[in-house]
Amino acid sequence: MFYRNTKLAVIEAKAWDESLTEGLGQAKNYADKLAIRFTYSSNGHGIYCADMETGKEGPLETYPTPQELWNLTFAKASAWRDRFADVSFEDKGGFY
């Protein structure tokens with residue numbers, strides 16, 4: 001999940017007939033490699049969250065909003081980071 005040009009979370013989706021945490025190990029692996037704090041696993045019936053920093057895990061009713069994830073990830077305010085994150089980033093390449 002990207003927000004303000006920043007990777008904030010990994011979401012791993014599995015088939016509806018799989019267990020809620022079936023993709024959790026894979027999601028944690030991705031989050032670890034990408035140095036991302038929050039990871040989510042879903043089977044379409046529910047959402048399971050793991051905070052890679054605190055180790056807290058558990059089911060959720062809904063995904064947090066991008067702004068909520070931003071606030072959790074960057075709890076300490078930084079005017080520079082906020083200004084930099086608001087700069088548009090061309091990620092398509094080439095001409096239109």
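## Overall layout

What pattern does the protein follow, read along the sequence? The order is β-β-β-α-β-β-β-α-α, which fits a count of 3 helices and 6 strands. Please keep in mind as you browse that this is a predicted model.

The protein has 96 residues, and 30% of them count as buried. About 6800 Å² is exposed, with carbon and sulfur atoms supplying 56% of that area. If you look at contacts between residues at least 6 apart in sequence, 47% of them join residues at least 24 apart.

## Aromatic pairs

The count of aromatic pairs comes to 3. One of them brings together Tyr 40 and Tyr 63: the ring centres are 5.5 Å apart and the planes stand at 75°, so this pair is edge-to-face. Tyr 40 belongs to strand β4 (residues 38–42), while Tyr 63 sits in the loop between β6 (57–60) and α2 (66–73), so the pair ties together parts that are 23 residues apart in sequence. The two partners also have their own accessibility values: Tyr 40 is buried at 2% relative accessibility, whereas Tyr 63 is partly exposed at 30%.

Next comes the pair of Trp 70 and Phe 74. Their ring centres lie 4.6 Å apart with the planes at 55°, so the pair is tilted. Trp 70 is buried, with a relative accessible area of 3%, and Phe 74 counts as partly exposed at 24%.

## A cluster with a charge over a ring

Trp 70 and Phe 74 do not stand alone, for Tyr 3 joins them in one aromatic cluster. What lies over the face of Trp 70? That is Arg 4, at 4.5 Å from the ring centre.

## Around Lys 14

Lys 14 is found in the loop between β3 (9–13) and α1 (24–34). Is this residue buried or exposed? Lys 14 falls in between: with a relative accessible area of 28%, it is partly exposed, because that class covers values between 20% and 50%.

The side chain of Lys 14 makes polar contacts with Glu 12 at 3.4 Å and with Gln 26 at 2.9 Å. Beyond its neighbours within four places in sequence, Lys 14 is in contact with Glu 22, Gly 23, Gln 26, Ser 42 and Asn 43. For a sense of spacing across this stretch, Lys 14 and Leu 24 are 10 residues apart in sequence and 9.7 Å apart in space, taken from C-alpha to C-alpha.

Notes. Residues are numbered from 1 along each chain as its sequence is written. This is a predicted model: local features need pLDDT of at least 70, side-chain atom pairs count only at pLDDT 80 or more; totals for chains, interfaces and linings use all residues. Side-chain values use heavy atoms; hydrogens and water are left out. Rings of Phe, Tyr and Trp (its six-membered ring) pair if their centres lie within 6.5 Å; planes under 30 degrees apart count as stacked, over 60 as edge-to-face and the rest as tilted. Helices (H or I, at least four residues) and strands (E, at least two) are DSSP runs, numbered from the N terminus. Buried means under 20% relative accessible area, exposed over 50%, partly exposed in between (1.4 Å probe, protein chains only). A charge sits over a ring if NZ of Lys or CZ of Arg is within 6 Å of the ring centre and within 35 degrees of the ring normal. Contact means heavy atoms within 4.5 Å. Accessible areas come from the Shrake-Rupley method with a 1.4 Å probe; for residues, only the protein chains shown count as cover. A polar contact is a pair of N or O atoms within 3.5 Å; within protein, one must be able to donate a hydrogen and the other to accept it, and residues adjacent in sequence count only if both atoms are side-chain atoms.
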